[in-house]
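Colleague: Could you take me through one part of this model in detail, and then set it in the context of the rest? I would like a careful, connected reading.

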Amino acid sequence: MQSPLPFFPEQASSFANNVDTLFGFIVLTCVFFVVLVAVLCVFAMYKYRRKRPAEIGDTVNGNLFLEIGWTTIPLLIALLIFAWGSVIYVNFRTAPADTLDIYVIGKQWMWKLQQPNGRKEINELHIPVNRNVKLIMGSEDVIHDFYVPAFRAKMDVVPGRYNTLWFRPTKVGKYHFFCSQYCGTNHAVMGGWVTVQDPAEYAAWLSGDTGDLNPVSAGEKLFAQLACNTCHIPNGSGRGPSLNGVYGAKVLLADSTTVTADDSYIRESILQPKAKIVAGYQPVMPTFQGLVTEEQILNLTAYVRSLQTQPVPAKGAGIAPVTTGKK
Amino acid sequence: MSLMSSQQPSITSRQYEMPEHNYLNGTYGIRSWLLTTDHKRIALLYLASVTFFFFIGGFFAMMIRLHLLTPNGYLLSPDTYNRMFTMHGVAMIFFFLIPSIPAVLGNFLIPLMIGAKDLAFPKINLLSWYVYIVGGSFTLYSMITGGLDTGWTFYTPLSTVYSNSAVAPAVIGVFITGFSSILTGLNFLVTVHTMRAPGMTWFRLPLFVWAHYATSVVMILGTPVIAITLALAAMERLFGLGFFNPAMGGDPILFQHLFWFYSHPAVYIMILPAMGVISELIPTFARKQLFGYHFVAAASLAIAVIGFLVWTHHMFLTGQSTYAAIAFSFLTFIVAIPSAVKVFNWVATLFGGSISFDTPMLYAFGFLGLFLIGGLTGLFLGCLGTDIHIHDTYFVIAHFHYIMVGGAVMGYLGGLHFWWPKITGRMYSEWLARLAAVILFVGFNLTFFPQFVLGYLGMPRRYHMYPPEFQVYNVMSTAGASILAVGYLLPMIYLVWAAFFGKVAGPNPWPATGLEWKTPSPPPTENFEVTPEVTWEPYDFHNRPDLGLEPGNGGGHVIHPAPAHGDD
């Protein structure tokens, strides 16, 4: 039960303690300076209060040592806070390798979330405790923001690109999540609950039958429906490059630069196929802008990712030849 | 020095007459006001118009606070609530805070303070007011015909594609009003460069003028960027051009970069002039030269310059590069330092002074405390680690209201009370004014301090309803807002009353050292009968026999303290 006058939010992730410790340090800094200035002011107000109407003050009007002192000391404290905060932020932005990846779509005004096995949820997120979780987030319309106060974690969800947010929940329980980037009429109700469960409980929940296709199967189906497979033939004989092994690899482009095939690259290749042309191919692919939803793009991406382990053909592959320093 | 040498010490209970000819009674009729090129009359036109927008914005604020009394918010529909907070922000920022001190007090005082007859371009000055009115009319039109629900930040693609409100007229209104800001800034810069009286060297300028100089630089360099940004947003909205809409290949984050490139420096447009006011009030009521004059002047310029280099600290969680975030966080901490230097210099000025507690000084103390809290809580937001949690929560709301209301508005009211006898020639009721200052201070803290806690607990901003555990702080905040409302209505009433019926103030009632106090109150149309010559250093009470004070008697040296001086 909440106390009637809550003062501090619950700590339920591996970030929470780090953020709160730094927060506490800055609070102490603030209290120190506020008390310092207040004491000085009150002291001066009393000691130097005007005693006769025509009285005037003394002629002191500066002191170089004081100026240097009150420039450098606050500067050093500021730099300490800056460095400390940056360390936390870098950790927050750098997801570990072994994450449980969950796809998140924000739209006015709901959240759609999907587990790796395809189980879908709306405005609810189930995750296992003590496991690194990464949300891969896109938006159907305007900018949203996924915010879990108990995890001290938030990230904007921006249309046209993927943002990721990772955290490790450390405490079983149910926590609010909010949309914290204003997104229109029902911004305030675009939230829900994160349920952190024991691994066993989570596994049981996950295996509950939902009838949802997992993203890879859904993506494979779409890949055929949209006739992607007529050009992107696995053995490399098609008009488009084979996608086997492309995900995560370097792709050599027509302008002889290379790019890493990540989620954003695949997304861009679907929506703006002419932006980056693979070396040796013609810009013949039509755009799918407006023809596929964000969710479908995520499914297609998941499918392409699943091809990572497929054998790469000798000719007609999308990936750049491994450059070993010689031509 | 011979100018006004007949002036008597004003501390005595001497009775004054209103000067026979002054800028208020020189000409009559509505045309003489609407076609005036007198900077003092234009300042009053601005005073009336920014006050109008202040009370519009205040009304929206009151509706917001009343609505948030209960978690489910019964008062307003979600769409209406969203319009209220958006229009509160737009009215307050673009039509009150940005023009308030520069266009009212700056306009009135800069020529007087440097010993000039007017600003360099009097007609452009009038034009700037008309531009402001035209821009304000567009925005008012938007408020009346459907309102605006994008947030004052106009983030795309919400504003350009998805919003169902009157975005275009509001954006055009803000776009137009920007030009009034540019014109005012230009006028100030040229005036300060070219029209200083003999003897008024750069380092004899009052710090109010230095602060406005720095502000003008920001206005001239920053405002064109917001103008371009809003023009692009308006074109996307009206003609469907894809600058920021990702569905058309645009980049919504680009809008944020452009928007904050102006709107962060705009924070300094609002706070620097208030700092300028405080730098006048503290020496005057401590009867002592400002401590570290050069450092305070340089701090204004440093803030103006570095303030342009911190804008992405509003965007740490948009997915921008980690390296960019670290660089901008670093620069954010650097820009905090000049403000800290100012605070320490103000406090040091008090030592060895002879401090009185007249109303303007109460505002100065209020400013010191609130600005200090506002500035220090900026550390949490500039710091990457803590910003993750409190970005876009009520913590941010509390922080910038401490700066904008606790800082800029306190400075503005302090300045109005300080120069009201100069502007109108008459004095307000001292005890009512002190009462209002105390009410404002209490009401302000009760309104906004609970929001820091609310933010750290995780309540996001711009929520028309919220989980019930947040209610207690919202109730406190609303209670404070009601007190605050009384605090704002009081000065409105007694200042207007005093302008007509107050006791005649005389040329220099405090007394203060600036040139503006060496001419009658209210000043004649041409400001000075003879061009003054400046032979004294700023805020120097010791070499100014004309003030009728006791030179050489430092505060704190009196062994038997006399009863505190009561002057009302």
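**A close look at one helix and its surroundings**

Modeller: In helix 5 of chain A, which covers residues 263-271, the buried residues are Asp263(A), Ile266(A), Arg267(A), Ser269(A) and Ile270(A). When helix 5 of chain A is viewed down its axis, these buried residues fall within an arc of 160°, so they line one face of the helix. The partners against which they pack are strand 5 (133-139) and helix 6 (294-306), both of chain A. This is a predicted model, and local features are described where pLDDT is at least 70.

From that helix we can turn to the contact between the two chains, which takes 83 residues from chain A and 91 residues from chain B. On the side of chain A that touches chain B, at least two residues each are supplied by helix 1 (16-47), helix 2 (64-93), strand 6 (144-148), strand 7 (153-157) and strand 9 (173-179) of chain A. Helix 2 of chain A gives the largest share of that side, with 18 residues. Sorted by class, the side of chain A that touches chain B holds 48 nonpolar, 20 polar and 15 charged residues.

Chain B, on the other side of this contact, has 15 helices and 2 strands. Its radius of gyration is 24 Å, close to the 24 Å that the globule rule gives for 568 residues, so chain B is as compact as a globular protein of that length. Along the principal axes, the C-alpha atoms of chain B fill a box of roughly 75 × 50 × 45 Å. Of the 568 residues in chain B, 64% are buried, and among the contacts in chain B with a separation of 6 or more, 84% are between residues 24 or more positions apart.

Within chain B, helix 7 repays a similar inspection. Helix 7 of chain B has 33 residues (207-239), which at 1.5 Å a residue should span 48 Å, and its end C-alpha atoms are 47 Å apart, which agrees. Helix 7 of chain B nevertheless bends by about 30° at Gly222(B), and a proline, Pro224(B), follows within four residues. This helix is mostly covered, since 24 of its 33 residues are buried, and after it comes Gly240(B), whose phi is positive, near 70°.

The backbone of chain B also has some points that merit checking. Most residues other than glycine have a negative phi, and most peptide bonds are trans. Against that background, a cis peptide bond joins Thr156(B) and Pro157(B), with omega about -5°, and Pro157(B) lies in the loop between helix 4 (122-144) and helix 5 (158-162) of chain B. Another cis peptide bond joins Trp510(B) and Pro511(B), with omega about -15°; Pro511(B) is found in the segment after strand 2 (503-504) of chain B.

As for phi, Arg462(B) is not a glycine, yet its phi is positive at about 60°. Arg462(B) sits in the loop between helix 14 (430-457) and helix 15 (471-501) of chain B, and it counts as buried because it has 21 C-beta neighbours inside 10 Å. Asn527(B), likewise not a glycine, has a positive phi of about 75°. Asn527(B) lies in the segment after strand 2 of chain B, and with 21 other C-beta atoms within 10 Å, Asn527(B) is buried.

Definitions and conventions
Residues numbered from 1 in each chain as written. Chains lettered and ligands numbered in written order. Predicted model: local features only at pLDDT ≥ 70, side-chain atom pairs only at ≥ 80, totals over all residues. Rg over C-alpha atoms; globule rule 2.2 N^0.38 Å. Buried ≥ 20, exposed ≤ 12 C-beta atoms within 10 Å, placed from the backbone. Contact = placed C-beta atoms within 7 Å. Expected span 1.5 Å × (residues − 1). Bend = angle between axes of the 7 residues up to and from the residue. Nonpolar A, V, L, I, M, F, W, Y, C, P; charged D, E, K, R; others polar. Arc of directions from axis to C-beta.
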